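Take a look at the model below and keep it open while you read. We'll walk through it one region at a time, picking up the vocabulary along the way.

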Amino acid sequence: MEGRPWQVLIADLRASRAIPARERPAVDRALRRAIVRVLRLHGRHFRLIPEVLRGDELQAVLKPDASALAILTYLRAQLALAVGRRTALRAGLGSGAIQHLSRRGPFASEGEAFHHARAALEEAKRSGGARLTGWVTGDPSVDRLASVLLALTDSFASRWTGPQWEAIAGRLEGKGLHEIAREKRVSFQSVSKRLLAASWSEVHEAATLLEAAAREARPVPEPAPAPGTARAPVPARAAAGPRAAVARPHPPRGESAHSPSRG
(Lines give C-alpha, C1' and ligand atoms only; values in the text may rest on other atoms or scores of the structure.)
Protein backbone atom coordinates (compact mmCIF):
# COMPACT_ATOMS: atom_id res chain seq x y z
CA MET A 1 0.00 0.00 0.00
CA GLU A 2 3.07 2.23 0.06
CA GLY A 3 2.59 5.29 -2.11
CA ARG A 4 -1.19 5.03 -2.45
CA PRO A 5 -2.75 8.46 -1.87
CA TRP A 6 -5.34 7.40 0.68
CA GLN A 7 -7.35 10.08 2.46
CA VAL A 8 -7.71 9.91 6.23
CA LEU A 9 -10.32 11.80 8.25
CA ILE A 10 -9.78 12.51 11.94
CA ALA A 11 -12.48 14.53 13.66
CA ASP A 12 -13.70 15.43 17.11
CA LEU A 13 -16.37 17.54 18.76
CA ARG A 14 -15.20 21.07 19.44
CA ALA A 15 -15.21 21.96 23.12
CA SER A 16 -16.61 18.54 23.96
CA ARG A 17 -15.84 18.97 27.66
CA ALA A 18 -18.18 21.96 27.73
CA ILE A 19 -21.16 19.84 26.65
CA PRO A 20 -23.39 19.41 29.73
CA ALA A 21 -23.39 15.84 31.04
CA ARG A 22 -27.19 15.60 30.63
CA GLU A 23 -26.83 16.43 26.90
CA ARG A 24 -23.87 14.22 26.11
CA PRO A 25 -25.80 10.96 25.49
CA ALA A 26 -28.02 12.73 22.94
CA VAL A 27 -24.97 14.20 21.18
CA ASP A 28 -23.28 10.77 21.06
CA ARG A 29 -26.41 9.19 19.58
CA ALA A 30 -26.69 11.99 17.03
CA LEU A 31 -23.09 11.46 15.93
CA ARG A 32 -23.64 7.72 15.50
CA ARG A 33 -26.82 8.32 13.49
CA ALA A 34 -25.01 10.89 11.35
CA ILE A 35 -22.32 8.32 10.55
CA VAL A 36 -24.93 5.73 9.57
CA ARG A 37 -26.56 8.21 7.18
CA VAL A 38 -23.19 9.10 5.66
CA LEU A 39 -22.49 5.41 5.05
CA ARG A 40 -25.86 4.93 3.37
CA LEU A 41 -25.01 7.66 0.88
CA HIS A 42 -21.23 7.38 0.60
CA GLY A 43 -20.35 3.94 1.93
CA ARG A 44 -18.65 2.86 -1.30
CA HIS A 45 -16.14 5.70 -0.92
CA PHE A 46 -14.73 4.39 2.37
CA ARG A 47 -11.84 1.97 2.65
CA LEU A 48 -12.27 1.79 6.44
CA ILE A 49 -15.62 3.03 7.74
CA PRO A 50 -15.80 5.66 10.49
CA GLU A 51 -15.07 4.47 13.99
CA VAL A 52 -15.57 6.50 17.17
CA LEU A 53 -13.24 6.31 20.12
CA ARG A 54 -14.92 6.73 23.48
CA GLY A 55 -14.23 10.36 24.20
CA ASP A 56 -15.59 11.59 20.84
CA GLU A 57 -12.79 11.16 18.29
CA LEU A 58 -13.71 9.76 14.89
CA GLN A 59 -11.32 8.23 12.36
CA ALA A 60 -11.92 6.84 8.87
CA VAL A 61 -10.03 6.03 5.68
CA LEU A 62 -11.44 7.27 2.39
CA LYS A 63 -10.54 5.95 -1.02
CA PRO A 64 -8.21 8.12 -3.16
CA ASP A 65 -10.96 9.47 -5.42
CA ALA A 66 -13.56 10.10 -2.70
CA SER A 67 -14.96 13.62 -2.39
CA ALA A 68 -13.65 14.08 1.12
CA LEU A 69 -15.02 17.57 1.76
CA ALA A 70 -18.47 16.70 0.43
CA ILE A 71 -18.58 13.67 2.72
CA LEU A 72 -17.40 15.74 5.68
CA THR A 73 -19.98 18.46 4.96
CA TYR A 74 -22.76 15.88 4.78
CA LEU A 75 -21.64 14.42 8.11
CA ARG A 76 -21.69 17.90 9.64
CA ALA A 77 -25.11 18.58 8.14
CA GLN A 78 -26.60 15.48 9.74
CA LEU A 79 -25.09 16.37 13.12
CA ALA A 80 -26.19 20.01 12.92
CA LEU A 81 -29.75 19.03 12.03
CA ALA A 82 -29.87 16.65 15.01
CA VAL A 83 -28.31 18.79 17.75
CA GLY A 84 -28.14 22.32 16.33
CA ARG A 85 -25.25 24.69 15.81
CA ARG A 86 -24.07 24.51 19.40
CA THR A 87 -22.14 21.30 18.67
CA ALA A 88 -19.58 21.52 15.87
CA LEU A 89 -17.41 18.80 14.35
CA ARG A 90 -13.78 19.84 13.98
CA ALA A 91 -11.84 17.82 11.38
CA GLY A 92 -8.44 17.19 9.87
CA LEU A 93 -7.96 15.57 6.47
CA GLY A 94 -4.67 13.96 5.52
CA SER A 95 -3.54 12.60 2.17
CA GLY A 96 -0.68 10.17 1.71
CA ALA A 97 0.54 6.62 2.01
CA ILE A 98 -0.66 4.09 4.55
CA GLN A 99 1.91 1.54 5.61
CA HIS A 100 -0.49 -0.61 7.61
CA LEU A 101 -4.17 -0.79 6.70
CA SER A 102 -5.74 -3.03 9.32
CA ARG A 103 -8.93 -5.03 8.93
CA ARG A 104 -9.57 -4.14 12.54
CA GLY A 105 -10.23 -0.52 11.61
CA PRO A 106 -8.60 2.90 11.39
CA PHE A 107 -7.39 3.04 15.00
CA ALA A 108 -5.30 -0.08 14.37
CA SER A 109 -3.88 1.28 11.08
CA GLU A 110 -0.80 3.40 10.58
CA GLY A 111 0.83 5.61 7.98
CA GLU A 112 1.73 9.02 6.63
CA ALA A 113 -1.88 9.92 5.83
CA PHE A 114 -2.83 9.48 9.50
CA HIS A 115 -0.01 11.78 10.62
CA HIS A 116 -1.02 14.37 8.03
CA ALA A 117 -4.64 14.21 9.24
CA ARG A 118 -3.52 14.64 12.85
CA ALA A 119 -1.41 17.66 11.87
CA ALA A 120 -4.38 19.12 9.99
CA LEU A 121 -6.65 18.69 13.01
CA GLU A 122 -4.09 20.38 15.27
CA GLU A 123 -3.82 23.25 12.76
CA ALA A 124 -7.58 23.75 12.91
CA LYS A 125 -7.44 23.76 16.72
CA ARG A 126 -4.65 26.35 16.79
CA SER A 127 -6.42 28.63 14.31
CA GLY A 128 -9.46 29.02 16.57
CA GLY A 129 -12.41 31.22 15.67
CA ALA A 130 -14.68 29.79 12.99
CA ARG A 131 -11.92 27.51 11.67
CA LEU A 132 -12.99 23.89 11.95
CA THR A 133 -11.19 22.18 9.06
CA GLY A 134 -7.59 21.48 8.09
CA TRP A 135 -6.04 19.51 5.26
CA VAL A 136 -2.41 18.44 4.97
CA THR A 137 -1.03 16.67 1.89
CA GLY A 138 2.68 17.26 2.36
CA ASP A 139 2.78 19.45 -0.76
CA PRO A 140 3.50 23.02 0.48
CA SER A 141 1.61 24.77 -2.33
CA VAL A 142 -1.51 22.62 -1.93
CA ASP A 143 -1.39 22.92 1.86
CA ARG A 144 -1.23 26.73 1.62
CA LEU A 145 -4.20 26.69 -0.76
CA ALA A 146 -6.11 24.43 1.65
CA SER A 147 -5.39 26.73 4.58
CA VAL A 148 -6.81 29.76 2.77
CA LEU A 149 -9.84 28.11 1.17
CA LEU A 150 -10.87 26.19 4.27
CA ALA A 151 -10.65 29.31 6.42
CA LEU A 152 -13.08 31.01 4.04
CA THR A 153 -15.51 28.11 3.68
CA ASP A 154 -15.51 27.45 7.43
CA SER A 155 -16.40 31.10 7.96
CA PHE A 156 -19.44 30.70 5.70
CA ALA A 157 -20.48 27.40 7.29
CA SER A 158 -20.31 28.80 10.82
CA ARG A 159 -23.31 31.00 9.96
CA TRP A 160 -25.50 28.40 8.29
CA THR A 161 -28.97 28.02 9.80
CA GLY A 162 -30.97 24.82 10.20
CA PRO A 163 -33.00 25.41 7.01
CA GLN A 164 -29.79 26.15 5.11
CA TRP A 165 -28.21 22.91 6.36
CA GLU A 166 -31.36 21.06 5.20
CA ALA A 167 -31.05 22.50 1.71
CA ILE A 168 -27.31 21.75 1.56
CA ALA A 169 -27.85 18.17 2.72
CA GLY A 170 -30.45 17.76 -0.02
CA ARG A 171 -28.05 19.04 -2.67
CA LEU A 172 -25.33 16.68 -1.42
CA GLU A 173 -27.84 13.84 -1.79
CA GLY A 174 -28.13 14.78 -5.46
CA LYS A 175 -31.63 16.24 -5.16
CA GLY A 176 -32.91 19.11 -7.26
CA LEU A 177 -34.38 22.26 -5.77
CA HIS A 178 -37.97 21.23 -6.56
CA GLU A 179 -37.50 17.86 -4.85
CA ILE A 180 -36.03 19.49 -1.74
CA ALA A 181 -38.90 21.99 -1.70
CA ARG A 182 -41.51 19.20 -1.86
CA GLU A 183 -39.85 17.26 0.95
CA LYS A 184 -39.60 20.31 3.22
CA ARG A 185 -43.00 21.66 2.17
CA VAL A 186 -41.62 25.03 1.20
CA SER A 187 -41.50 26.88 -2.09
CA PHE A 188 -38.85 26.39 -4.72
CA GLN A 189 -37.90 30.04 -4.21
CA SER A 190 -37.32 29.45 -0.48
CA VAL A 191 -34.84 26.64 -1.15
CA SER A 192 -33.06 28.73 -3.75
CA LYS A 193 -32.79 31.68 -1.37
CA ARG A 194 -31.43 29.48 1.43
CA LEU A 195 -28.67 28.12 -0.78
CA LEU A 196 -27.89 31.58 -2.10
CA ALA A 197 -27.69 33.05 1.41
CA ALA A 198 -25.37 30.20 2.43
CA SER A 199 -23.09 30.93 -0.58
CA TRP A 200 -23.38 27.20 -1.26
CA SER A 201 -22.40 27.45 -4.92
CA GLU A 202 -19.12 29.15 -4.00
CA VAL A 203 -18.41 26.81 -1.09
CA HIS A 204 -19.07 23.75 -3.25
CA GLU A 205 -16.86 25.05 -6.06
CA ALA A 206 -14.01 25.80 -3.63
CA ALA A 207 -14.27 22.29 -2.20
CA THR A 208 -14.22 20.73 -5.67
CA LEU A 209 -11.11 22.71 -6.64
CA LEU A 210 -9.33 21.82 -3.42
CA GLU A 211 -10.13 18.12 -3.76
CA ALA A 212 -8.72 18.16 -7.30
CA ALA A 213 -5.57 19.90 -6.12
CA ALA A 214 -5.12 17.40 -3.28
CA ARG A 215 -5.26 14.49 -5.74
CA GLU A 216 -2.43 16.08 -7.73
CA ALA A 217 -0.35 16.93 -4.66
CA ARG A 218 3.34 16.13 -4.76
CA PRO A 219 4.51 15.69 -1.17
CA VAL A 220 8.03 16.87 -0.36
CA PRO A 221 10.07 13.82 0.71
CA GLU A 222 11.67 13.84 4.13
CA PRO A 223 15.40 14.56 3.96
CA ALA A 224 17.63 11.53 4.40
CA PRO A 225 19.47 11.41 7.75
CA ALA A 226 23.11 12.44 7.76
CA PRO A 227 25.65 9.59 7.63
CA GLY A 228 25.92 7.95 11.00
CA THR A 229 22.70 9.57 12.23
CA ALA A 230 19.67 7.45 13.04
CA ARG A 231 16.16 8.55 12.16
CA ALA A 232 13.95 9.66 15.00
CA PRO A 233 12.14 6.63 16.42
CA VAL A 234 8.53 6.04 15.46
CA PRO A 235 6.31 6.69 18.52
CA ALA A 236 5.22 3.52 20.26
CA ARG A 237 1.58 2.54 20.18
CA ALA A 238 -0.37 3.84 23.12
CA ALA A 239 -1.84 1.57 25.73
CA ALA A 240 -5.19 0.05 24.96
CA GLY A 241 -8.24 2.05 25.92
CA PRO A 242 -12.01 1.51 25.80
CA ARG A 243 -13.79 2.63 22.68
CA ALA A 244 -17.32 2.73 21.31
CA ALA A 245 -17.39 1.35 17.78
CA VAL A 246 -19.73 2.33 14.98
CA ALA A 247 -20.90 -0.53 12.76
CA ARG A 248 -17.95 -2.62 13.90
CA PRO A 249 -18.11 -6.22 15.17
CA HIS A 250 -14.49 -6.30 16.33
CA PRO A 251 -13.44 -6.24 19.99
CA PRO A 252 -11.49 -3.29 21.46
CA ARG A 253 -7.83 -3.09 20.60
CA GLY A 254 -4.73 -1.00 21.20
CA GLU A 255 -4.42 2.50 19.83
CA SER A 256 -1.80 3.51 17.29
CA ALA A 257 0.68 6.37 17.18
CA HIS A 258 -2.03 8.58 15.67
CA SER A 259 -4.25 8.14 18.74
CA PRO A 260 -6.06 11.27 19.86
CA SER A 261 -4.91 14.22 21.86
CA ARG A 262 -8.00 15.44 23.69
CA GLY A 263 -9.15 18.99 23.14
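Both faces of strand S1 are covered: Trp6, Val8, Ile10 and Asp12 are buried on one side, and Gln7, Leu9, Ala11 and Leu13 are buried on the other. Here "buried" means under 20% relative accessible area, "exposed" means over 50% and "partly exposed" is in between, using a 1.4 Å probe and protein chains only. S1 spans residues 6–13, and eight of its eight residues are buried. As for the names, helices (H or I, at least four residues) and strands (E, at least two) are DSSP runs, numbered from the N terminus. Keep in mind that this is a predicted model, where local features need pLDDT of at least 70 and side-chain atom pairs count only at pLDDT 80 or more, while totals for chains, interfaces and linings use all residues. Residues are numbered from 1 along each chain as its sequence is written, and side-chain values use heavy atoms, with hydrogens and water left out.

Which strands pair with S1? One is S4 (residues 89–96), which runs antiparallel to S1 and is joined to it by eight bridges. Another is S3 (residues 57–62), also antiparallel, with five bridges to S1. Two strands count as paired if DSSP finds at least two bridges between them. You can check this residue by residue: Trp6 has Gly96 of S4 as its bridge partner, and Gln7 stands opposite Leu62 in S3.

Leu9 of S1 turns up again in the next stop, since it helps line the largest cavity, together with Ile35, Val38, Phe46, Pro50, Leu58, Ile71 and Leu75. The elements giving two or more residues to that lining are helix H1 (24–42), strand S2 (46–53) and H2. A cavity is found on a 1 Å grid over the protein atoms alone, as a set of points where a 1.4 Å probe fits but cannot get out; a pocket is an open set with protein on both sides within 12 Å along at least five of seven lines, and lining residues have an atom within 4 Å of a point. Grid points are joined across faces, edges and corners, and the volume is the space filled by probe spheres set on the points. There are two cavities of 30 Å³ or more, and the largest holds about 40 Å³. What kind of residues line the largest cavity? Eight are nonpolar, with no polar and no charged ones. (Ala, Val, Leu, Ile, Met, Phe, Trp, Tyr, Cys and Pro count as nonpolar, Asp, Glu, Lys and Arg as charged, and the others, Gly among them, as polar.)

Now for the largest pocket, with about 490 Å³ of space. Of its 30 lining residues, Arg76, Asp154, Ala157, Trp160 and Trp165 are closest to the centre. Helices H2 (68–83), H4 (140–157) and H8 (200–215) each give two or more residues to the lining, and H2 has the largest share, with seven. By class, the lining has 19 nonpolar, seven polar and four charged residues.

Two of those central residues, Trp160 and Trp165, form an edge-to-face aromatic pair, 4.8 Å centre to centre with 85 degrees between the planes. Rings of Phe, Tyr and Trp (its six-membered ring) pair if their centres lie within 6.5 Å; planes under 30 degrees apart are stacked, over 60 edge-to-face and the rest tilted. Trp160 is buried at 3% relative accessible area, and Trp165 is buried at 8%. Trp160 also meets Trp200: the centres are 6.1 Å apart and the planes at 70 degrees, so this pair is edge-to-face too. Trp160 sits in the loop between H4 and helix H5 (162–172) and Trp200 in H8, so the pair ties together parts 40 residues apart in sequence. Ring pairs thus link Trp160, Trp165 and Trp200 into a cluster.

Trp165 is also one of the buried residues of H5, which pack against H1, H2, H4, H6, H7 and H8.

Finally, some backbone angles. Most residues other than glycine have a negative phi. Arg185, though, has a positive phi near 60 degrees; it lies in the loop between H6 (177–184) and H7 (188–197) and is exposed at 79% relative accessible area. Ser199 has a positive phi of about 55 degrees, but this residue, in the loop between H7 and H8, counts as buried at 16%.

Notes
Contact means heavy atoms within 4.5 Å.
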